[in-house]
Amino acid sequence: MSTHIRILRQVLAKYSTPMTLKYPSGVDPNKKYSQIPEGLRGFIERDEEKCIGCRACYMVCSGRATKIIDTPEKRTVQVFHFRCTFCAHCQECCPEEAIKMTNRFELAVSDRNDPKVYANTDLKMLICKSCGTSYLPEKMQKRALERLSEKINPRVKETVIADYKKVEGYCPDCRRARGVMLDTHTKKHVWLEAT
Amino acid sequence: MGLIDRARVYSPWLYHLHCGGCNGCDIETLAALAPRFDVERFGILLVPSPRHADILVTTGCIPRQFIPMVKRVYEQVPDPKVVVAVGGCACGGSLFYEEDPDNYAILGSADLLIPVDVYVPGCAPKPEQIINGIVQGILKLAEKGSNRPTKTITK
């Protein structure tokens, strides 16, 4: 019985104050959004310096909100928030931790092309020396080389890095065509280890 | 602005149309109408017939079988009217809709069929976000109702 009285007292204490949140016209800015939980997923922000344009967010996007728009000069990574389901898969999978979901949720707009609902990042593309097509973002190649030199087997490191320098600036197709000429077979280090 | 226009802006009536999707946005819309968030502070009333409504709130993507009903409901709402698309499906199609290849069952977002005035993205949007959208819709209603600047109407 005493428990019941305690619960009743708590309930009455809660309902003695007005329950309604005066949201758009709240006077106190701290109390205006008292209902934002800590893990609320809102607008997706991308760190332009960290993003390398690897397309990992595009591959996992469940609502197909992320788009990769490639032009000869640049690659644009775009999130269209109308299609976004705010599932945070892109945040989880980003290898550079460039994507962060903010608490901003007031995204109501009256125009489909409003820049408020887009998150764009432009990346400079590399152009092939031989055929002139763009093939990879500049940052991604740089980062890939860094990771390669970190994780590669130290015995073949020198060979692989030296080979990489030879074909730098060529697109994948042109590299394949010049494989014999430049002596850069992909499995060369395996053969070197065996002998 | 006449008396009727003025009254309309201060007490817009709302019709809630669920087209398709997962029902999450409907729950959030009803939460916005409930006392915790209380859009009835703005004089909004949920009406059971589109003939009485000023604001049409659509949630969910539009399945092909539902196209005639959406058109009919939109035509039944008297002028001036405002359409608020709530949720990712109504705004851009989200999970259920793909531009290529075309889906046999789902038409897609609401603006492919009827003119939408305010979009409220989110999956599902918070009740506060819906209130934000509906308030923007009321301002649009004021614009449509007369040529009087909206500044004098906002509080």
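Two strands are taken as paired if DSSP finds at least two bridges between them. The model shown in these views is predicted.

**View 1. The sheet of chain B is open and has five strands.** Its strand order is β2-β1-β3-β5-β7, and the pairing is parallel. At the edges stand β2 (45-46) and β7 (118-120) of chain B, each of which pairs on one side only. Strand β5 (residues 82-86) of chain B runs parallel to β7(B) and is joined to that strand by three bridges. Within this pair of strands, B:Val86 is opposite B:Val120 of β7(B).

**View 2. Helices α3 and α5 of chain B meet the strands of the sheet.** Helix α3 (residues 67-76) lies across three strands of chain B: β1 (13-18), β3 (55-59) and β5. Its direction is at about 175 degrees to β1(B). Helix α5 (residues 127-145) of chain B also packs on the sheet. This helix touches β1, β3, β5 and β7 of chain B. Against β7(B), the angle of α5 is about 180 degrees.

**View 3. Chain A holds an open sheet of four strands.** The order is β2-β3-β5-β6, with antiparallel pairing. Strands β2 (66-70) and β6 (134-137) of chain A each have a single partner strand, so one side of each lacks a neighbour in the sheet. From one strand to the next, the twist averages 30 degrees.

**View 4. Strands β5 and β6 of chain A form a hairpin.** Strand β5 (residues 118-127) of chain A and β6(A) run antiparallel and share three bridges. A:Met125 has A:Pro137 of β6(A) as its bridge partner. Helix α5 (residues 138-151) of chain A packs on the sheet and touches both β5 and β6 of chain A. The helix makes an angle of about 60 degrees with β6(A). Also in the hairpin strands, A:Ile127 is opposite A:Ser134 of β6(A). Six residues lie between the two strands of the hairpin. There, A:Gly132 has a positive phi near 85 degrees.

**View 5. A salt bridge joins A:Asp122 and A:Lys74.** Side chains of opposite charge can pair when their charged atoms come close. In this pair, the closest N and O atoms are 3.5 Å apart. A:Asp122 belongs to strand β5 of chain A, and A:Lys74 to strand β3 (residues 74-80) of chain A. The two residues are 48 residues apart, and their pairing links distant parts of the chain. Over all chains, there are 13 salt bridges.

**View 6. Chain A and chain B bury about 2,600 Å² between them.** Carbon and sulfur atoms give 53% of this area. A:Phe82, A:Arg83 and A:Ala108 supply 22% of what chain A buries against chain B, more than any other three residues. In contact across the interface are 30 residues of chain A and 32 residues of chain B.

**View 7. One salt bridge connects chain A with chain B.** Its partners are the side chains of A:Arg112 and B:Asp111, at 2.7 Å from N to O. Polar contacts between the two chains come to 10 residue pairs, with both residues at pLDDT 80 or more. On the side of chain A that touches chain B, 15 residues are nonpolar, seven are polar and eight are charged.

Technical notes. Residues are numbered from 1 along each chain as its sequence is written. Chains are lettered from A and ligands numbered from 1 in the order in which they are written. This is a predicted model: local features need pLDDT of at least 70, side-chain atom pairs count only at pLDDT 80 or more; totals for chains, interfaces and linings use all residues. Side-chain values use heavy atoms; hydrogens and water are left out. Axes are lines fitted to C-alpha atoms, for helices over the stretch in contact, and angles run from 0 to 180 degrees between N-to-C directions. Contact means heavy atoms within 4.5 Å. Buried area is the accessible area (1.4 Å probe) that two parts lose on being put together, summed over both. A salt bridge is a side-chain nitrogen of Lys or Arg within 4 Å of a carboxyl oxygen of Asp or Glu. A polar contact is a pair of N or O atoms within 3.5 Å; within protein, one must be able to donate a hydrogen and the other to accept it, and residues adjacent in sequence count only if both atoms are side-chain atoms. Ala, Val, Leu, Ile, Met, Phe, Trp, Tyr, Cys and Pro count as nonpolar, Asp, Glu, Lys and Arg as charged, and the others, Gly among them, as polar.
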